[in-house]
Amino acid sequence: MFDRGTVRAAGLLAVDEVHQIYWEESGNPQGIPAVYLHGGPGGTLGTGGYRTRFDPARFRIIGLDQRGCGRSMPHVTTPGYNLNTNTTQHLIADIEAVREHLEVRRWLVNGVSWGSTLALAYAQAHPERVRGIVLMAVTTTDRFQVDWITETVGAVYPEAWERLASHAEQAGIGYHRDKDRLVEAYARLMTHPDPAVRDAASHTWRDWEDHHVSIGNGIRPDPRFDDRDFRHVFATLVTHYWAHDAFLQPPILERMHLLHGIPATLIHGRRDVSGPAVVAWRLHQAWPGSELLIEEGEGHGGPSMVAAWCTANSRHADRIDAE
């Protein structure tokens, strides 16, 4: 019997002179290798709930905390940290380093929310290493989607967006609504030399995060943000990546030919106002061989979407076993 809740092996892998990436492994050591890429950026592996999305008897389950957050070291909030060394290209290289360290030839790639953007970018960079892809709460983190989640969706949550924009306007950094990008203002605030400025911005950003993911689940403050370090790391990484359109030029949708022939399952909630269903739809339309599952009653996650995620992994295992 293999226990999906038990970490069988874990470690810190040095990937350069500064960064160490935390990785962990569970499930069947002889099973189909599968890697999980968490959300955020900065969302971390958390308590390891992702492991329950795989059959532990069939999968060798691998997770990692992305560069600068979680149990990876150092955190982006460490004094003197160079954010220029934290980009999507660095994260892709870290994933490859973990793959090589664990002697995995090819694996099934899973990603949720921001992790779906990273999964897509990784697969486009290393398609020969990918046996299939399963994504939930699909994102591409291009200019359309970043502006949607930081500006356009304010039409749905005008009170919360007003607090977000007003805070930036009153922070003395020269931000003006309708003229400047709000996410760029918060990227500056989260790297401001005054820790009080950073902390105030992190609280306001937390309020925005709790709102824009709430449709379908109600506005429930995420208890992870009560931890000051988590809140600061998350807000710093999210605004850094979003302000730079995930460092992906050309964007993912303009490079979909690189994924032709790779089977994929895309799972998305109709009520996900954080990432409208058109994002997953455009991805599906550009990806022959992908399947798109829309959960009508859920938003940025939910029990039906999680069930579909689990089922998709098992179906991909059936396909891989039959190869």
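Reader: Is S113 buried or exposed?

Author: This is a predicted model. Start with the cut-off: buried means under 20% relative accessible area. S113 has 16% relative accessibility, so S113 counts as buried.

Reader: Where does S113 lie in the chain?

Author: Look for the elements on either side. S113 sits in the loop between β5 (107-112) and α2 (114-125).

Reader: Which residues does S113 touch?

Author: Leave out residues up to four places away in sequence. S113 then touches G39, M136, A137, T139 and H300.

Reader: How do I read the cysteines? How many disulfides are there?

Author: A disulfide needs two cysteine sulfur atoms within 2.5 Å. By that rule the count is zero. Accessibility can still be read for single cysteines. C69 is buried, because its relative accessibility is 0%. C310 stands at 24%, so C310 counts as partly exposed.

Reader: Now the sheet. In what order do the strands run?

Author: Read across the sheet, from neighbour to neighbour. The order is β1-β2-β4-β3-β5-β6-β7-β8. These eight strands form an open sheet with mixed pairing.

Reader: Which strands are at the edges?

Author: Look for strands that pair on one side only. They are β1 (7-14) and β8 (290-295). Between neighbouring strands of this sheet, the average turn is 20 degrees, direction ignored.

Reader: In what sense do β3 and β4 pair?

Author: Compare the two strands and count their bridges. β3 (residues 32-37) and β4 (residues 59-64) pair in the parallel sense, over five bridges. Within this pair of strands, V35 stands opposite I62 in β4.

Reader: Which strands do the helices meet? Begin with α1.

Author: Follow the helix over the strands. α1 lies across β1, β2 (20-27), β3, β4 and β5. Its angle to β2 is about 50 degrees. α2 also packs on the sheet, where α2 touches β3, β5 and β6 (130-136). The directions of α2 and β5 make about 145 degrees.

Reader: At what angle do the axes of α1 and α2 cross?

Author: Picture each helix as a line. The axes of α1 (residues 88-101) and α2 come within 10 Å and cross at roughly 70 degrees. That makes α1 roughly perpendicular to α2.

Reader: Which residues make that contact?

Author: List each side in turn. α1 supplies T88, L91, I92, I95, E96 and R99. α2 supplies W114, L118, A121, Y122 and A125.

Reader: How many residues of each class are in the contact of α1 with α2?

Author: Sort them by side chain. The contact of α1 with α2 has eight nonpolar, one polar and two charged residues.

Conventions
Residues numbered from 1 in each chain as written. Predicted model: local features only at pLDDT ≥ 70, side-chain atom pairs only at ≥ 80, totals over all residues. Heavy atoms only, no water. Buried < 20%, exposed > 50% of the residue type's maximum accessible area, 1.4 Å probe, protein only. Helix = DSSP H or I, 4+ residues; strand = E, 2+ residues; numbered from the N terminus. Contact = heavy atoms within 4.5 Å. Axes fitted to C-alpha atoms, helices over the stretch in contact; angles between N-to-C directions. Parallel < 35°, antiparallel > 145°, perpendicular 65-115°, else oblique. Nonpolar A, V, L, I, M, F, W, Y, C, P; charged D, E, K, R; others polar. Pairing = 2+ DSSP bridges.
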